[in-house]
Amino acid sequence: GADVAGIVVETFHEGARLTTRHPKSTEQAQYSLPFPVAVALHTGRLGPGELGPTMLADPAVAKLADLVEIRENDDHNAAFPGKRWARVSIDLTDGRCLESPDTEASGDPHLALTDQQVRAKFHDYADPVLGAERAASIESVRSWLGHDVAYQGQTTGDLGTRMTAAIADGLGRASAVCVVGTDIPDIRESTLCDAFDALETHDLV
């Protein structure tokens, strides 16, 4: 950060309006271009851990944010909304200039994250809240059941309350619901198929 003399971010009109340099909260930080650019340059990464109170109050980050100049780019405007491009040039105090090509954020369907990147992002968000051990347990269940399943945490309460909530949530998205306990991992596919077949003519089986 100390070697940076100037920063230019070129992007489309809607992105160029995100000009808050010194956000006072994480909510404001989400709608800022100068702040995350400054944080990334200062720390070498940008994740949930870098968007908290420490970085919001860091004078080095504030100094870098003040160096950010945002410009609209005609090519980027023409490509929007199909493409959300940005490019960055950084002038260093030794006279060098570092430039990026037109770049899109990864994560969209045509720039999908790899499984490894998804796992890393999951732990970035989950570990500080759930703890590394519980987060690892959740990851192992996802690896076991597959990636084409929607996962949702249970509500609080006794078993009956949690089952009722799960069934109600499922019926809000599907015509039939089957509740399976985690204590029968060897349940057969044929058994599940029989259950759903029976639900075609019965309210409860």
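## Exercises on a predicted model

Just after helix α8, G146 has a positive phi of about 110 degrees. Keep in mind that the model is predicted. Work through each task, then check the steps.

**Exercise 1. Compare the span of α8 with the span expected from its residues.**

Step 1. Locate the helix: α8 covers residues 132–145.
Step 2. Work out the expectation. The rise is 1.5 Å a residue, and the expected span uses one less than the number of residues. For the 14 residues of α8, that gives 20 Å.
Step 3. Check the model. The end C-alpha atoms of α8 are 20 Å apart, so the two values agree.
Step 4. Add the confidence. Among the elements of the protein, α8 has the lowest mean pLDDT, 83, while β2 has the highest, 97. For the protein, the mean pLDDT is 89, and 98% of the residues reach 70 or more.

**Exercise 2. State the strand order of the sheet and name its edge strands.**

Step 1. Read across the sheet. Its four strands follow the order β2-β1-β3-β4. The sheet is open, and its pairing is mixed.
Step 2. Find the strands that pair on one side only. These are β2 (68–72) and β4 (97–99), the edge strands.
Step 3. Consider the twist. On average, neighbouring strands are turned by 15 degrees against each other, direction ignored.

**Exercise 3. Describe how β3 pairs with β1 and with β4.**

Step 1. Take β1 (residues 4–11) and β3 (residues 86–92). They are antiparallel, with seven bridges.
Step 2. Pick out partners. E10 is bridged to R87 in β3, and V9 stands opposite V88 in β3.
Step 3. Turn to β4. Three bridges join β3 to β4, again in the antiparallel sense. One of the partners is E99 in β4, which faces S89.
Step 4. Look at the hairpin of β3 and β4. Four residues lie between the strands, and G95 takes a positive phi near 100 degrees.

**Exercise 4. Decide whether H76 is buried or exposed, and list what it touches.**

Step 1. Place H76: it belongs to helix α6.
Step 2. Apply the cut-off. Buried means under 20% relative accessible area. H76 has 0%, so it is buried.
Step 3. Find its polar partner. The side chains of H76 and D102 make a polar contact at 2.8 Å.
Step 4. List the contacts beyond four places in sequence. H76 touches E10, T11, F12, W85, A86, R87 and D102.

**Exercise 5. Do the same for S32: is this residue buried or exposed?**

Step 1. Place S32. It sits in the loop between α2 (26–29) and α3 (34–43).
Step 2. Read the accessibility. S32 has a relative value of 5%, so it counts as buried.
Step 3. Check the side chain. One of its polar atoms lies 3.1 Å from the backbone nitrogen of F35.
Step 4. Look further along the chain. Leaving aside neighbours within four places in sequence, S32 is in contact with L18 and T20.

**Exercise 6. Which residues does a cis peptide bond join, and what is omega there?**

Step 1. Identify the bond. The cis peptide bond joins F80 and P81.
Step 2. Give the angle. Omega is about 10 degrees.
Step 3. Place P81. This residue is in the loop between α6 (74–79) and β3.

Terms used: Residues numbered from 1 in each chain as written. Predicted model: local features only at pLDDT ≥ 70, side-chain atom pairs only at ≥ 80, totals over all residues. Heavy atoms only, no water. Pairing = 2+ DSSP bridges. Helix = DSSP H or I, 4+ residues; strand = E, 2+ residues; numbered from the N terminus. Axes fitted to C-alpha atoms, helices over the stretch in contact; angles between N-to-C directions. pLDDT = per-residue confidence, 0-100. Buried < 20%, exposed > 50% of the residue type's maximum accessible area, 1.4 Å probe, protein only. Polar contact = N/O pair within 3.5 Å; in protein donor to acceptor, adjacent residues only side chain to side chain. Contact = heavy atoms within 4.5 Å.
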